[in-house]
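Let's look at how charged side chains pair up in a protein. Have the sequence and the 3D view ready, and we'll go through a few pairs together.

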Amino acid sequence: MAEAAKFFEETAEPANFNENKTQIERFIAKHNEGCTPVVLITSGGTTVPLEGNTVRFIDNFSIGTRGSASAEYFWTRHDVLFLHRHRSLQPYTRHLPQSQLLDILEVKNDDEGQKLCVKNEKTAKLLDIIHKYQSVQKEGRLLMVEFTSLVDYLHLLRASSLIMSSLGKNAFLYLAAAVSDFYIPKNKMPQHKIQSSNGPLQLSLELVPKMLEALVKNWVSSAYVVSFKLETDPNLLIVKAQQSLEKYEHQLVIGNILDTRKFEVVFVTNSETDWIKLEENDLQNGIEIESKIVKSLVERHRQFCCE
Ligand code: PMT
């Protein structure tokens with residue numbers, strides 16, 4: 001935990017940190033009086049800059065499908081603080097990929113001239129998305145906050161967790177972001193663009209302290225905390241998830257394998273190992289695995305609040 005504290009001392013808060021913090025404080029303050037639980041969903045990947053004036057950075061595969069889809073299913077019971085990577089997928093708008101936007105529109109002619117319309121076969125789905133999105137926005141049930149780099153993400157994660165600690169057991173953390181384990185500290189990073197004329201590039205990255213320990217023990221100690229464990233080797237998945245649970249002593253680890261993450265995940269707790277899978281008929285009916293994950297978690301969090 002001393003390493004986590006040192007990391008925050010040695011890294012600067014992101015540019016718009018205070019504005020974001022104020023927004024989060026206001027959002028959470030509304031919930032302190034009521035009993036609606038709040039879930040903090042982290043979503044998307046973090047970048048690791050190679051230069052102070054950043055031209056190049058290391059990134060990862062995550063586009064935020066897990067986090068953005070999950071947010072939509074949590075609204076049955078939870079309000080959502082959605083901490084997401086800039087330009088990654090967001091709840092509801094994820095159904096409208098930019099590349100398909102022009103394909104769902106058509107031009108119609110009537111007495112008043114040309115009109116831009118949504119194609120008939122797309123109207124029902126779009127109306128449903130818009131109604132749900134507008135109602136969530138109108139009721140103030142969603143706050144979206146963006147990050148880009150690893151350092152931005154960790155400062156926002158710590159601030160959000162500390163603010164949410166006032167909610168006690170009504171706070172739920174769902175840590176689905178793909179967070180870099182390696183970074184270049186500011187004092188070891190060149191300020192200006194690395195010049196190719198200097199020859200091949202050799203990088204030395206340092207380990208990012210694991211923040212889960214500080215989060216569970218110090219920042220938001222009464223919360224229900226679910227972390228994710230991503231592996232590419234199926235033989236490692238459950239063992240690594242169990243190790244994480246033992247080390248950080250939170251409530252649940254959801255294990256997933258890179259190639260199969262959209263079809264199956266495993267819930268690992270102190271007492272069980274439970275696979276959640278999409279069956280053939282789920283796939284045919286367009287069911288998303290996040291609907292099953294969140295349904296189970298909402299019930300688990302409800303029970304946790306009653307203990
Ligand atoms: O966005 P998608 O394409 O839909 O992909 C979803 C996903 C595969 C990214 C998601 O389901 C997932 O598995 N996210 C976690 C990936 C990950 O970072 O795993 P990890 O084994 O590196 O980290 C495990 C946990 O430690 C994470 O919950 C993370 O929040 C936490 N961590 C990570 C780094 C760090 N320095 N401190 C941490 O506490």
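Start with K115, which is partly exposed at a relative accessible area of 36%. (Buried means under 20% relative accessible area, exposed over 50%, and partly exposed in between, using a 1.4 Å probe and protein chains only.) Its partner D110 is partly exposed too, with a relative accessible area of 36%. The two side chains meet in a salt bridge, 2.9 Å from N to O. That term means a side-chain nitrogen of Lys or Arg within 4 Å of a carboxyl oxygen of Asp or Glu.

A quick word on the ground rules. This is a predicted model, where local features need pLDDT of at least 70 and side-chain atom pairs count only at pLDDT 80 or more, while totals for chains, interfaces and linings use all residues. Residues are numbered from 1 along each chain as its sequence is written, and side-chain values use heavy atoms, leaving out hydrogens and water.

Here are three pairs with their closest N and O atoms:

| Pair | N to O distance |
|---|---|
| D110 and K115 | 2.9 Å |
| E51 and R56 | 2.8 Å |
| K188 and E206 | 2.7 Å |

Is E51 buried or exposed? E51 counts as buried, at 0% relative accessibility, while R56 is partly exposed at 30%.

On the K188 and E206 pair, K188 counts as exposed at 54% relative accessibility, and E206 as partly exposed at 30%.

Some residues join up in bigger groups: E72, R94 and E288 are linked in a network of salt bridges. Overall, the structure holds 19 salt bridges.
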